[in-house]
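These are my notebook entries on a structure that I went through one topic at a time. I kept to what I could look up in the model itself.

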Amino acid sequence: MSMELDRLAIASVGAVVAVLIWLGWSTLNWVWLRPRRLERRLREQGLSGTSYKLLFGDVKDSSDMTERAKCSPIPFSQDILPRVVPFLLNSVDTYGTYFLCLFVAF
């Protein structure tokens, strides 16, 4: 009886370890490897832009630029792009018309 319980415990622990390794690999692939692979392939095709940042992408930079734009007064001109989409306007000025911008969504 004790020998059977030992075998069952070892098999159970082995199954749990296998599932944890699989979950860890899947998470690593989803969070880091797949986005980096996509970024590398797009750069090979000639797209430039910001590099991948873990979990949040360009969301923090975009929100910081938007907050700074909201703090500045609006000029009396027809040009509202610096106020409405400062991050995209800055990216177009920096990288050109076609660029890589990563907004990570879960």
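Entry 1, the two domains. I looked up the contacts between the domains of this predicted model, and I found eleven residues of domain 1 in contact with ten residues of domain 2. For the bounds I went back to the domain assignment, which gives residues 1–52 as domain 1 and residues 53–72 together with 79–105 as domain 2. Taken over C-alpha atoms, the centres of domain 1 and domain 2 are separated by 31 Å.

I then turned to area, because the size of an interface is often given as the accessible area lost when the parts come together. Between them, domain 1 and domain 2 bury about 1,100 Å², and I noted that 66% of this lies on carbon and sulfur atoms. On the domain 1 side, the residues that lose the most area to domain 2 are Ser48, Thr50 and Tyr52, which together account for 53% of what that side buries. I also checked for salt bridges across the interface of domain 1 and domain 2, and the rule finds zero.

Entry 2, salt bridges. Having found zero across the domain interface, I searched the whole structure, where the count is five salt bridges. One of them joins the side chains of Glu39 and Arg36, at 3.2 Å from N to O. Both residues belong to helix H1, which covers residues 2–44, and because they are three residues apart there, about one helical turn separates Glu39 and Arg36. I compared their accessibility: Glu39 is buried, with a relative accessible area of 6%, whereas Arg36, at 34%, counts as partly exposed.

Next I looked at Lys53, which forms a salt bridge with Asp58, the closest N and O atoms being 3.3 Å apart. The side chain of Lys53 also meets that of Asp61 in a salt bridge, here at 2.9 Å from N to O. Lys53 is partly exposed, with 33% relative accessibility, and Asp61 is likewise partly exposed, at 30%. I also noted a network, in which salt bridges that share partners join Arg36, Glu39 and Arg43. As for the remaining partner of Lys53, I found that Asp58 has 0% relative accessibility and counts as buried.

Entry 3, helix H2. This helix runs over residues 59–71, and its 13 residues reach 19 Å from the first C-alpha to the last, close to the 18 Å expected at 1.5 Å a residue. Which residues of H2 are buried? I found Ser62, Met65 and Ala69 to be so. They cover an arc of only 70° around the axis, which puts them on the same side of H2. On the other side of H2, I found Lys60, Arg68 and Cys71 to be exposed. I then asked what covers the buried residues of H2, and the answer includes helix H3 (81–84) and helix H4 (86–95).

Entry 4, Ser91. From there I went on to one residue of helix H4, namely Ser91. Is Ser91 buried or exposed? With a relative accessible area of 5%, Ser91 is buried, since the cut-off for that class is under 20%. Leaving aside residues up to four places away in sequence, I noted that Ser91 touches Gly96 and Phe99.

Definitions and conventions: Residues are numbered from 1 along each chain as its sequence is written. This is a predicted model: local features need pLDDT of at least 70, side-chain atom pairs count only at pLDDT 80 or more; totals for chains, interfaces and linings use all residues. Side-chain values use heavy atoms; hydrogens and water are left out. Helices (H or I, at least four residues) and strands (E, at least two) are DSSP runs, numbered from the N terminus. The expected span of a helix is 1.5 Å times one less than its number of residues. Buried means under 20% relative accessible area, exposed over 50%, partly exposed in between (1.4 Å probe, protein chains only). The arc is that of the directions from the helix axis to the C-beta atoms. Contact means heavy atoms within 4.5 Å. Domain bounds come from an automatic or database domain assignment. Buried area is the accessible area (1.4 Å probe) that two parts lose on being put together, summed over both. A salt bridge is a side-chain nitrogen of Lys or Arg within 4 Å of a carboxyl oxygen of Asp or Glu.
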